[in-house]
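Dear colleague,

I am handing over a structure for your files, and I would be grateful if you kept it open while reading. The notes that follow it set out what was found.

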Amino acid sequence: MFNRSAHLFARERDCPAKVALHFEDQAITFAALAAQVRAMSAELARQGVERGCRVGIMLPTSPDFIVVQQALFLIGAIVSPLNIFYRPTEVAHVVASCDLTHLIVHADLIDRAPTDCIGLRSLRNVLMIGGDGGAVTSGIAPLQPGIAAGEGPKPAEVAADDIVMLLNTSATTGKSKGVMLTAANLAAN
């Protein structure tokens with residue numbers, strides 16, 4: 001199976017107390033990271049993310065990025081990281097050109113999320129992560145991993161030739177394009 005989250009859960013099983021991530025003053029173990037990924041995958045499933053959904057993630061460098069990406073891989077969703085410096089029109093272009101069904105945006109970047117869904121037929125919802133839990137803009141759902149009940153979905157079956165990532169180009173000769181990467185592409189990398 002080529003599910004990109006499988007490695008994390010193998011590390012959790014083999015060395016749960018070993019540090020998986022260092023970020024600023026945090027040290028996150030494989031056991032803690034796996035638990036966060038399971039909780040996030042349950043919340044994403046509750047929000048309608050399922051195998052094959054194309055999900056944009058616009059998050060700054062932080063453990064949240066890893067947790068969300070691994071949760072999406074676990075579900076079998078197609079991950080499309082977006083540049084955090086994109087303007088709203090560039091975000092809308094990526095949503096439309098990659099047919100993104102969901103967009104996960106950090107609270108500090110929420111002003112860049114598309115507010116006008118005209119031409120964005122594929123976009124089902126915008127999900128916000130982070131922030132102080134204050135007022136949420138209409139049409140934007142907060143991600144609350146502690147709310148979802150249960151262990152979350154089981155790792156999706158992923159074949160070597162399944163598309164698992166849409167990585168946007170730097171757009172040096174025009175608008176960015178989503179490059180399709182398979183599970184085997186990522187494994188080889």
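Does Asp162 count as buried, partly exposed or exposed, and at what relative accessibility? Asp162 counts as partly exposed, at 23% relative accessibility. Please bear in mind throughout that this is a predicted model.

**Salt bridges**

Asp162 is a suitable place to begin, as this residue forms a salt bridge with Arg51 in which the closest N and O atoms are 3.0 Å apart. Arg51 lies in the loop between α2 and β3 (54-58), and Asp162 in the loop between β7 (140-142) and β8 (163-168), so the pair ties together parts that are 111 residues apart in sequence. Arg51 also counts as partly exposed, with a relative accessibility of 47%.

The structure holds five salt bridges, and two others may be described here. One of them joins the side chains of Glu43 and Arg46, with 2.7 Å from N to O. These residues are three apart in helix α2, so that about one helical turn separates Glu43 from Arg46. In general, an α-helix has 3.6 residues a turn, so residues three or four places apart point the same way. The accessibility of the partners is as follows: Glu43 is buried, with a relative accessible area of 0%, whereas Arg46 is partly exposed at 46%.

The other is formed by Arg87 and Glu90, whose closest N and O atoms are 3.7 Å apart. Here Arg87 is exposed, with a relative accessible area of 54%, and Glu90 is partly exposed, with a value of 27%.

**Helix α1**

Helix α1 covers residues 6-14, and its buried residues are Leu8, Phe9 and Glu12. Seen down the axis of α1, these buried residues fall within an arc of 95°, so they line one face of the helix. They pack against α2 (30-46) and α3 (63-75). On the other side of α1, the residues His7, Arg13 and Asp14 are exposed.

**Residues in α3, β4 and α4**

Which residues does Gln69 contact, leaving aside its neighbours within four places in sequence? They are Ile57, Val79 and Met165. Gln69 has its place in helix α3 and counts as buried, at 13% relative accessibility.

Ser80 lies in strand β4, which comprises residues 78-81. Ser80 is buried, with a relative accessible area of 0%. Apart from neighbours within four places in sequence, Ser80 is in contact with Val55, Gly56, Ile57, Val94, Cys98, Leu100, Leu166 and Asn168.

Val91 belongs to helix α4, residues 88-97. Val91 likewise counts as buried, at 0% relative accessibility. Not counting residues up to four places away in sequence, Val91 touches Met58, Leu82, Tyr86, Leu103, Arg112 and Pro114. Between Val91 and Gly56 there are 9.3 Å in space, C-alpha to C-alpha, for a separation of 35 residues in sequence.

**The loop between β7 and β8**

The loop between β7 and β8 also contains Gly152. Gly152 is partly exposed, with a relative accessible area of 27%. Residues up to four places away in sequence being set aside, Gly152 touches Arg38, Ser41 and Ala42. How far apart are Gly152 and Lys175 in space, C-alpha to C-alpha? The distance is 37 Å, with their positions 23 residues apart in sequence.

**Internal cavity**

Finally, how many cavities of 30 Å³ or more are counted? The count comes to one. The largest cavity has a volume of about 30 Å³. Its lining consists of Phe2, Asn3, Arg4, Phe73, Gly76, Ala77, Val158 and Val164. By class, the lining has five nonpolar, two polar and one charged residues.

With kind regards

Technical notes:
Residues are numbered from 1 along each chain as its sequence is written. This is a predicted model: local features need pLDDT of at least 70, side-chain atom pairs count only at pLDDT 80 or more; totals for chains, interfaces and linings use all residues. Side-chain values use heavy atoms; hydrogens and water are left out. On a 1 Å grid over the protein atoms alone, a cavity is a set of points where a 1.4 Å probe fits but cannot get out, and a pocket is an open set with protein on both sides within 12 Å along at least five of seven lines; lining residues have an atom within 4 Å of a point. Grid points are joined across faces, edges and corners, and a volume is the space filled by probe spheres set on the points. Ala, Val, Leu, Ile, Met, Phe, Trp, Tyr, Cys and Pro count as nonpolar, Asp, Glu, Lys and Arg as charged, and the others, Gly among them, as polar. Buried means under 20% relative accessible area, exposed over 50%, partly exposed in between (1.4 Å probe, protein chains only). Helices (H or I, at least four residues) and strands (E, at least two) are DSSP runs, numbered from the N terminus. The arc is that of the directions from the helix axis to the C-beta atoms. Contact means heavy atoms within 4.5 Å. A salt bridge is a side-chain nitrogen of Lys or Arg within 4 Å of a carboxyl oxygen of Asp or Glu.
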